[in-house]
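Trainee: Could we go through this structure together, one question at a time? I would like to see how each answer is reached.

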Amino acid sequence: MANSRSFYFWLWLCISVSLSFSSKAVDCSTDTVGLCTPTIEEIIDEVVTETIEYEADGYTVTTTTETTTTTTTVTNVDSGDLLDGDNGFVQPRYEGDMDQDFGGQGPATMPSGSGCYNLGTDKCAQITGSGNSTSAMGVEGMGTTFVNTVDISSLDIENGGRTNYTIKVDKRDAQDRIYMHITGKNGNTNVFSGTDILSESGVASGYQEYENGFDFAGTITTLIIEIGGRDINMAIGPLFDDITINVLYNVISTIVQESITSVEMWVAYGGSTETEVIDIVENIIDHNDFVEQPNGEIDIEPIQEPDTEVSYEMVEMEMEMPVMEIEIPEMEMEMPEMEMASVETEIEMEMEMEMPEPEVEVETQPEPEPEPEVNEPEPEPEPEVSEPEPEEVQDEPTEEDTEETEPTTKEEPEQEKSSSEATKDEDSKEDMEESEDKDQDEVKKEESKKEVAAKKILKKMGDKGRYDSANQLKTLIVMQVLGNSKSFFEAQQSLNDIEGFFTDNVIPDAELTTNNIAQYFLFAGSDGLMDEMIMQQWQK
């Protein structure tokens, strides 16, 4: 894989894992007969998808979790007394207090007062038929019936339940009989049908309160209540009053919630990029405040740092302070330089003492003074003359030069003087060069001190603090101090506005003024120019 960031090699690797969790199972459905146990079922279905995206300098791992939470709640809802007129299911005539006759099959009466015996002094219902037939609801041994049909479609019963009833009965003759029958329908279809014989013939039940119910499944929209029986001895037939009918039904509600969570993780090769990313994140956290807004969003606001004016003089003083701290170690470092300088001066003194020795040899050269009288071209003393080779320029004598040997010997003292002066000049030049070198060394030391101070100032800022506006200005000033360009921060001359340049005249707003002269020159000039161009084309 290439290291260049301009080249990318993409590879997607997807891994999907499906997980399901259920806290409790619901045992209720449309086929359930009767009441279900109230239950809350929560099913969590998680699909985890992991995507790996490879790049040149690392890879990104994206983990996406799709969570579907299905909550199913089962409750038992009570319809209330269907035969209570206040609940809105029946009219007053069909209420369960039996103030009026429901209507039905066979003869019946509606006594009151003492005629209701133990049922109270208000009205009640009495079965007086002695016949023995089958009722409209299919119940045998019927002489009289009271029938009440109730529409309960507004309850939206769809998952079964139970129909409960209560009734008060006073059977004065043991040979009589009385029953309770309820039929539940979904439209025209019978869903359930239940019959309870409250008191059979031959049982001296007297006054009793009966209660029971019938389970059903599915949907019901109508209830048919039938109360019937026989008055066998034709004396006092069975009496009843205060009927209640309640429907308890199952309600199943399902709530589905979906959520998607995505987490990205960047993994860098070698770890260097990851460190840089962490440094950047820490820098952002250190220099910003995270403020949560009322709507839940989080705003990033820069930390307001105290205003501190940074000037050229302040930075220059700060750069000079560290120099004072390191003056003592610098003096210790200069001590060997002084020793080296003394050693150099001693060497120079020894060289000066040694230099006159060839001059003494030159003074001994007058020994071949009688030789000029000889006219021979090759005098023997030539090797003696060649001895002062240390001098810079010495030519071998020729026939013509031998005659001039005497004046050369006289000029030798001048040469000796010039050589001494040359050495002095050389010494003075060396002294000047040494002083210049010392000045340059001092300048370099001063510059190095400033550089050390500048590095300390930048180090105090830290990697994160250097991005502060004040520290950035300080960095700029440090560069100017090192560059010795103090004039950069000198006050600049401000430019004055031209007197009378601005006027108090107000240009009218929302008003277009007409300038006939300007329009004439604008339109007439352009029209004339266009006509002239057309005429030139026509003439050609």
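Trainee: Are Phe 192 and Phe 216 buried or exposed?

Mentor: Keep in mind that we are looking at a predicted model. The cut-off for calling a residue buried is under 20% relative accessible area. Phe 192 and Phe 216 both count as buried.

Trainee: How are the rings of Phe 192 and Phe 216 arranged: stacked, edge-to-face or tilted?

Mentor: Phe 192 belongs to strand β9 and Phe 216 to strand β10, and this pair links parts of the chain 24 residues apart. The ring centres of Phe 192 and Phe 216 are 5.4 Å apart, with the planes at 15 degrees. Planes under 30 degrees apart count as stacked. The pair of Phe 192 and Phe 216 is therefore stacked.

Trainee: What about Tyr 94 and Phe 102, and which label does that ring pair get?

Mentor: Good one to try next! There are five aromatic pairs by the rule used here. For Tyr 94 and Phe 102, the centres are 6.4 Å apart and the planes meet at 35 degrees, so the pair is tilted.

Trainee: Which of Tyr 94 and Phe 102 is buried?

Mentor: Tyr 94 has 26% relative accessibility, so Tyr 94 is partly exposed. Phe 102 has a relative accessible area of 4%. The buried residue is Phe 102.

Trainee: Let's turn to charges. Which residue forms a salt bridge with Arg 162?

Mentor: Side chains of opposite charge can pair when their charged atoms come close. The chain has four salt bridges by the rule applied. In one of them, the closest N and O atoms are 2.9 Å apart, and the partner of Arg 162 is Asp 215.

Trainee: How many residues apart in sequence are the parts that Arg 162 and Asp 215 tie together?

Mentor: Arg 162 is in strand β7 (residues 161–171), while Asp 215 is in strand β10 (residues 206–216). Arg 162 is partly exposed at 21% relative accessibility, and Asp 215 is partly exposed at 37%. The salt bridge ties together parts whose separation in sequence is 53 residues.

Trainee: Where does Glu 200, the partner of Arg 177, lie?

Mentor: Arg 177 and Glu 200 form a salt bridge with the closest N and O atoms 2.8 Å apart. Arg 177 lies in strand β8 (residues 177–186), and Glu 200 lies in the loop between β9 (189–199) and β10. Arg 177 is buried at 10% relative accessible area, whereas Glu 200 is partly exposed at 34%. To name the place again, Glu 200 sits in the loop between β9 and β10.

Trainee: Over the ring of which residue does the charged end of Arg 172 sit?

Mentor: Arg 172 has a salt bridge with Asp 170 at 3.4 Å, N to O. Asp 170 is buried, with a relative accessible area of 0%, and Arg 172 is partly exposed, with 44%. The charged end of Arg 172 also lies 4.3 Å from the centre of a ring, that of Tyr 117.

Trainee: Let's finish on the surface. Which elements each supply at least two residues of the nonpolar patch?

Mentor: The patch covers about 480 Å² and is made by Ile 284, Ile 285, Phe 290, Ile 298 and Ile 300. Ile 298 is in strand β14, and at 55% relative accessibility Ile 298 counts as exposed. The elements that each give at least two residues are α1 (272–286) and β14 (298–302).

Conventions
Residues are numbered from 1 along each chain as its sequence is written. This is a predicted model: local features need pLDDT of at least 70, side-chain atom pairs count only at pLDDT 80 or more; totals for chains, interfaces and linings use all residues. Side-chain values use heavy atoms; hydrogens and water are left out. Patches are made of residues with over 30% relative accessible area and no salt bridge: like charges are joined within 9 Å, nonpolar side chains (Val, Leu, Ile, Met, Phe, Trp, Tyr) within 5 Å. Accessible areas come from the Shrake-Rupley method with a 1.4 Å probe; for residues, only the protein chains shown count as cover. A salt bridge is a side-chain nitrogen of Lys or Arg within 4 Å of a carboxyl oxygen of Asp or Glu. Helices (H or I, at least four residues) and strands (E, at least two) are DSSP runs, numbered from the N terminus. Buried means under 20% relative accessible area, exposed over 50%, partly exposed in between (1.4 Å probe, protein chains only). Rings of Phe, Tyr and Trp (its six-membered ring) pair if their centres lie within 6.5 Å; planes under 30 degrees apart count as stacked, over 60 as edge-to-face and the rest as tilted. A charge sits over a ring if NZ of Lys or CZ of Arg is within 6 Å of the ring centre and within 35 degrees of the ring normal.
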